[in-house]
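Student: I should like to learn how to read a nonpolar core and a sheet. Please take me through an example.

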Amino acid sequence: MRDDLSGLMAFLAVARRRSFTAAASELGVTPSAVSQSLRALEVRVGVRLLQRTTRSVGLTEAGSRFLSRLEPAMHGVQDAFESLGELRDRPTGLLRLTLPRYGYQEVLGPRLAEFLTAHPDIRVDIHLDDVLVDIVQQGFDAGFRVGELVNREMIAIPVSGDIVMHVVGSPAYFANRGKPKHPRELRDHDCINYRSRTTGGLLRWGLSDGGKRIEVAVEGRAVFDDAELVLDAAVAGLGLAYVPESRIRKLLAEKRLVRVLEPYSTTLPGFFLYYPSRAQVAPKLKALIDFFKLKRRR
């Protein structure tokens with residue numbers, strides 16, 4: 001039974017990480033130990049669960065089916081163990097969190113040291129990605145995303161204010177092209193597009209015209225799937241960008257960027273901490289939830 005449990009834990013770790021080395025690091029064992037546990041498990045069940053190549057690790061059809069049944073069961077086992085932590089004075093365990101880089105910079109990063117200081121028995125494994133993942137399937141405890149992206153089946157609590165969006169460009173760009181005075185004039189400008197890694201579509205620029213929210217599909221010669229690069233491109237003079245106010249304060253002060261269309265600026269829903277709806281929330285996750293609820297009240 002003990003060998004079976006080791007094999008199951010190794011299988012889940014490899015399925016999540018798609019890497020024997022990363023799985024070994026997560027489990028605190030060697031890659032060869034992970035490999036041996038998985039081989040023993042495959043012998044035990046009589047089918048190949050993983051497809052291995054020299055460059056990648058993937059799931060076979062049998063492995064995918066097995067994972068879909070195993071994950072909920074293992075979450076139940078994990079919750080059962082972690083519920084024992086309620087008998088202790090302090091929450092404990094590993095919190096696996098997913099959020100975009102901007103969310104880390106704006107919400108979690110500035111508060112992480114304070115949270116970990118308050119809860120010394122909690123460890124964090126933070127996955128930064130603009131792609132919206134299934135936190136249950138990927139084995140995350142919780143995620144941080146802007147409100148409009150959170151699945152309605154999740155429990156979500158606000159952890160930031162609304163995000164004010166602005167259209168900006170460099171002084172050099174405006175010296176050559178002039179400044180738009182109305183959103184319809186954006187069609188006469190090079191606009192730097194952002195492509196969502198989740199949907200594959202281009203982000204429409206949300207603006208306010210006469211109190212009515214409008215969404216503008218802009219065009220330009222540069223498209224990026226990284227928000228940091230969109231901002232860098234605007235500073236370099238490639239065109240206009242649609243970016244959060246908090247990201248440009250320093251650049252505005254340094255006069256490396258200039259805001260335009262300010263009367264038409266609008267806001268997006270702020271960030272939410274979200275997690276699956278479960279009857280019992282693990283103490284480590286409850287500690288994170290309570291921490292951010294307290295921050296919002298201050």
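Student: Which residues have the most contacts inside the largest nonpolar core?

Tutor: A nonpolar core is a set of buried Ala, Val, Leu, Ile, Met, Phe, Trp, Tyr and Cys residues joined through side-chain atoms within 4.5 Å; buried means under 20% relative accessible area (1.4 Å probe, protein chains only). Here the largest one has 40 residues, and Phe-144, Leu-186, Trp-205, Leu-273, Leu-288 and Phe-292 have the most contacts inside it. The model is predicted: local features need pLDDT of at least 70 and side-chain atom pairs count only at pLDDT 80 or more, while totals for chains, interfaces and linings use all residues. Residues are numbered from 1 along each chain as its sequence is written, and side-chain values use heavy atoms, leaving out hydrogens and water.

Student: Where does this core lie, and why?

Tutor: Domain 2 (88-160 + 270-292) and domain 3 (163-268) both contribute residues, so the core lies between them; the bounds come from an automatic or database domain assignment.

Student: How is the open sheet ordered?

Tutor: Strands of a sheet pair through backbone hydrogen bonds, either parallel or antiparallel. In this open sheet the order of the five strands is E4-E3-E5-E15-E6, with mixed pairing; strands are DSSP runs of E, at least two residues, numbered from the N terminus, and two of them pair if DSSP finds at least two bridges between them. Strand E4 (122-128) and strand E6 (155-158) are at the edges with a single partner strand each, so one side of each has no neighbour in the sheet.

Student: In which sense do E5 and E15 pair?

Tutor: Their pairing is antiparallel, over four bridges; Arg-145 has Phe-272 of E15 as its bridge partner.

Technical notes:
Buried < 20%, exposed > 50% of the residue type's maximum accessible area, 1.4 Å probe, protein only.
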